Amino acid sequence: MLIENPEYLRHRQWMKRALDLAEIAGDAGEIPVGAVIIDSSGNLIAEGENRKERDQDPTAHAEIIALRAAAKRLDNWRLNQCTLYVTLEPCPMCAGAIVHARLEMLVYGVDDTKTGAVRTVTNIPDSAASNHRLRVLGGVLEASCRQQLQTWFIKRRQKK
């Protein structure tokens, strides 16, 4: 059974942590997206949450925050032994950074039908212009990731 698969359970564990980070971002007025990076031994390397509004930085997406922290911690921009977990399919900027960081694997929660650049709108990792190939797994805790985003946007619209 898929649920009992240890790899699947690990993916769920780390996606739950990414959801916790997304909740923190949402509570701070950011679009709720969280990201976690682990190494090949399953150790937490770095975390990130959306910070665009708080930092007034258009590049302060959860993935970018986590990638920067991981590279700093490992003292190496090549993250080829790492897996990134993120609650929402990465945008073009983040997908490009993920490819350039040489991540081993990307795991994301829910497709982004507006700006998804991994599988939904476009596919940067598999593009002929991509200089690195990585494994991609989408749909981990998809319903929870989708619900978190939908709830946040509903509440935000009600405040206006």
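This report covers the pockets, one helix and several loop residues of a predicted model.

## The largest pocket

The largest pocket has a volume of about 730 Å³. Its lining counts 26 residues, and those closest to the centre are I31, L88, D112, L149 and F153. By class, the lining holds eleven charged, nine nonpolar and six polar residues.

Two helices, α2 (52-55) and α5 (142-159), each supply at least two residues of this lining. Helix α5 gives the most, with seven residues.

## The second largest pocket

The second largest pocket holds about 290 Å³ of space. The residues lining the second largest pocket are A22, E23, G26, D27, G29, P32, Q148, T151, W152, K155, R156 and K159. Five of them are charged, four polar and three nonpolar.

Helices α1 (6-27) and α5 each supply at least two residues of this lining. Again α5 gives the most to the lining, here with six residues. In the largest pocket, α5 also gives the most.

## Helix α3 and its packing

Helix α3 runs over residues 62-74, 13 residues in total. At 1.5 Å a residue, α3 should span 18 Å, and its end C-alpha atoms are 18 Å apart, so the expected span and the model agree.

Which residues of α3 are buried? They are A62, E63, I64, A66, L67, A70 and A71. What do these buried residues pack against? Their partners are the strands β1 (34-39), β2 (44-49) and β3 (82-88), together with helix α4 (92-100).

## From α3 to β3: D75 and Q81

D75 comes just after α3. It sits in the loop between α3 and β3. Its phi is near 55°, a positive value in a residue other than glycine. Most residues other than glycine have a negative phi. D75 has 72% relative accessibility, so D75 counts as exposed.

Q81 is found in the loop between α3 and β3 too. Q81 has a relative accessible area of 45%, so it is partly exposed. Leaving aside neighbours within four places in sequence, Q81 is in contact with I38, D39, S40 and E104. Q81 and E104 are 23 residues apart in sequence, yet their C-alpha atoms are 5.6 Å apart in space.

## From α2 to α3: Q56

Q56 is found in the loop between α2 and α3. Phi of Q56 is near 50°, a positive value in a residue other than glycine. Is Q56 buried or exposed? Its relative accessibility is 64%, so Q56 counts as exposed.

## From β4 to β5: H132

H132 is found in the loop between β4 (105-110) and β5 (135-138). Buried means under 20% relative accessible area. H132 is at 16%, so H132 counts as buried.

What does H132 touch, not counting residues up to four places away in sequence? The residues are V99, R102, L103 and P125. With R102 there is also a polar approach: a polar atom of the H132 side chain lies 3.5 Å from the backbone oxygen of R102.

How values were computed:
Residues are numbered from 1 along each chain as its sequence is written. This is a predicted model: local features need pLDDT of at least 70, side-chain atom pairs count only at pLDDT 80 or more; totals for chains, interfaces and linings use all residues. Side-chain values use heavy atoms; hydrogens and water are left out. Helices (H or I, at least four residues) and strands (E, at least two) are DSSP runs, numbered from the N terminus. Buried means under 20% relative accessible area, exposed over 50%, partly exposed in between (1.4 Å probe, protein chains only). A polar contact is a pair of N or O atoms within 3.5 Å; within protein, one must be able to donate a hydrogen and the other to accept it, and residues adjacent in sequence count only if both atoms are side-chain atoms. Contact means heavy atoms within 4.5 Å. On a 1 Å grid over the protein atoms alone, a cavity is a set of points where a 1.4 Å probe fits but cannot get out, and a pocket is an open set with protein on both sides within 12 Å along at least five of seven lines; lining residues have an atom within 4 Å of a point. Grid points are joined across faces, edges and corners, and a volume is the space filled by probe spheres set on the points. Ala, Val, Leu, Ile, Met, Phe, Trp, Tyr, Cys and Pro count as nonpolar, Asp, Glu, Lys and Arg as charged, and the others, Gly among them, as polar. The expected span of a helix is 1.5 Å times one less than its number of residues.
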